[in-house]
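Q: Pick one part of this model and walk me through it closely, please. Once that part is clear, add a few other spots that you'd look at next.

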Amino acid sequence: MKIDSHAAESLPVCSLFVTTTYFDTNVKRWKEETLDSLLVTTSDFDTAGVYKLFELSYNYSKYIQLSTEGGGQFIVPSTITNPFEEIESNPSMHAGSKVQFKVKWLGNRQLFVDFIEVYDEQIWEQWFMGYPTQLISNIVNYDQEFRVNSDFYSKLKYYGTLDEPHVIDCYIPLRKVQEILDSVGINKKLLTHWYPGWHHNRDGDNTWPVYKALAQPKKIMFWYSPYLAEENGSPTPRDFTQYWFHRNLQQAHLQQPDFYVTLQAWGWWGKNVNRYVRWMTPTPEEISAQTMLALAHGTKGLFYEHYYTLDSISIDGFDLLVEALVDLPENNFEPFPNWYKVQNLSSRLRGTLGNTLKDLKYPATSINTGFLRLCIMHQILHLKL
């Protein structure tokens, strides 16, 4: 910022604020609190009339509930009367939650604001601003570890990066890392295991176009798990969860028609409560349903997650068995029924089904009509093949 002229005495020019708005579940109303503030006077500016940098540092972690049973992004259809409503969930994820940066002009001098920059101190300031050369060197050295095996490296297409970025602040760093790879001649694409949220909203808005614009992924890959369990372990309404899976597939096709998707092939079995917890292992028929739904929206890559079953995972007081495609090592990785279903689908994609899909020309689609045609096409393919 700068002012139009200096002053012989110190006069207030403006106040800077960083505020957070959050929903207080104790009193059931919205509150706004100041995270940091700064009074700026004429004495804080250079007499030469140049722009000066002012910094505020803030931390809003105490307003975020990091671990809440049934909160956050979990779908709880039994609490919903209208599936198109905003669902009250973890206060930090609510559509009205926000951090704002405010400049309150106090008069006395004309004020000019050139730019406002927001960044985190732990990663962006430390590496991207403080040690950019070392950051690039670290990436190059990491890539060199794979170059030693030339046969493997020639087949390497992607590097996996940040898992499940949940906030918009993560989107630009993803683009920057891809730009670094390109600038040093590492011809690999970043593949982000991205979760857009169950109703694809961040800060109350559709996050798909925001993710595409800010992260600029060369290849979109996202995951969605539509097979959940109620608190008693019974299935959630599948028409509800698959509807929202369908909506995310719509968005993926609109942003990048040749997107990839990771499909659910796992569930959390609570050994100490003898029921499914949050996520329920899909049946072979549900594996087929989500596969066909993704193909109907034009996906060009399918991942089935997870492959290996994991035991003794403790989360929020639950002793979990994470069921996957194959059993535990002590059971010789015995394939489960879903493993055979995935093998069957893979064979079909290498045969008649896959060849038919390659010859289909997906038309330009709209949110209201085009995807209806795609889903009808999916039903025809499912019946014929």
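A: Here's a close look at one helix, followed by a shorter tour of other places.

A word on ground rules: this is a predicted model, where local features need pLDDT of at least 70 and side-chain atom pairs count only at pLDDT 80 or more, while totals for chains, interfaces and linings use all residues. Residues are numbered from 1 along each chain as its sequence is written, and side-chain values use heavy atoms, with hydrogens and water left out.

The backdrop is a chain with ten helices and 16 strands (DSSP runs numbered from the N terminus: helices are H or I with at least four residues, strands are E with at least two). Of its 385 residues, 41% are buried (buried is under 20% relative accessible area, exposed over 50%, partly exposed in between, with a 1.4 Å probe and protein chains only). Of the contacts between residues at least 6 apart in sequence, 68% link residues at least 24 apart (a contact has heavy atoms within 4.5 Å).

Now zoom in on helix H5, residues 207–215, where Thr-207, Trp-208, Tyr-211 and Ala-215 are buried. Look down the axis of H5 and those buried residues fall within an arc of 105 degrees, so they line one face of the helix (the arc is taken over the directions from the helix axis to the C-beta atoms). That's a familiar pattern: an α-helix has 3.6 residues a turn, so residues three or four places apart point the same way.

What do the buried residues of H5 pack against? Their partners are helix H4 (171–183), strands S8 (201–202), S9 (205–206) and S10 (221–223), and helix H6 (238–255).

Both ends of H5 deserve a look. At its start, Asn-206 puts a side-chain oxygen within 3.1 Å of the backbone nitrogen of Trp-208. After the helix comes Gln-216, with a positive phi near 50 degrees, even though Gln-216 is not a glycine. Gln-216 sits in the loop between H5 and S10 and is partly exposed, with a relative accessible area of 44%.

Next, the empty space that H5 helps to line. Searching the whole structure turns up three cavities of 30 Å³ or more, and the largest holds about 80 Å³. (On a 1 Å grid over the protein atoms alone, a cavity is a set of points where a 1.4 Å probe fits but cannot get out; a pocket is an open set with protein on both sides within 12 Å along at least five of seven lines; lining residues have an atom within 4 Å of a point. Points are joined across faces, edges and corners, and volume is the space filled by probe spheres set on them.) Residues that line the largest cavity include Leu-174, Arg-175, Gln-178, Tyr-211, Ala-215 and Gln-216. H4 and H5 are the elements that give two or more residues to this lining, and the largest share, three residues, comes from H4. So Tyr-211 and Ala-215 belong both to the buried set of H5 and to the cavity lining.

Away from H5, try the second largest pocket, at about 220 Å³. Twelve residues line this pocket, and the closest to its centre are Thr-299, Lys-300, Gly-354, Leu-357 and Lys-358. Strand S14 (301–305) and helix H9 (352–359) each give two or more residues to the lining, with H9 providing the largest share, four residues. Lys-300 lies in the loop between helix H7 (284–296) and S14 and is exposed, at 52% relative accessible area. Its side chain reaches the backbone oxygen of Gly-298 at 3.0 Å. Lys-300 and Lys-358 are 58 residues apart in sequence, yet 9.5 Å apart in space, C-alpha to C-alpha.

Contrast Arg-278, in the loop between strand S13 (275–276) and H7: at 11% relative accessibility, Arg-278 is buried. Its side chain makes a polar contact with that of Asp-316, at 2.7 Å (N or O atoms within 3.5 Å; within protein, one must be able to donate a hydrogen and the other to accept it, and residues adjacent in sequence count only if both atoms are side-chain atoms).

Two backbone oddities to finish. Glu-305 and His-306 are joined by a cis peptide bond, omega about 0 degrees, with His-306 in the loop between S14 and strand S15 (310–315). Phe-333, also not a glycine, has a positive phi near 50 degrees; this residue is in the loop between strand S16 (318–323) and helix H8 (337–349) and is partly exposed at 37%.
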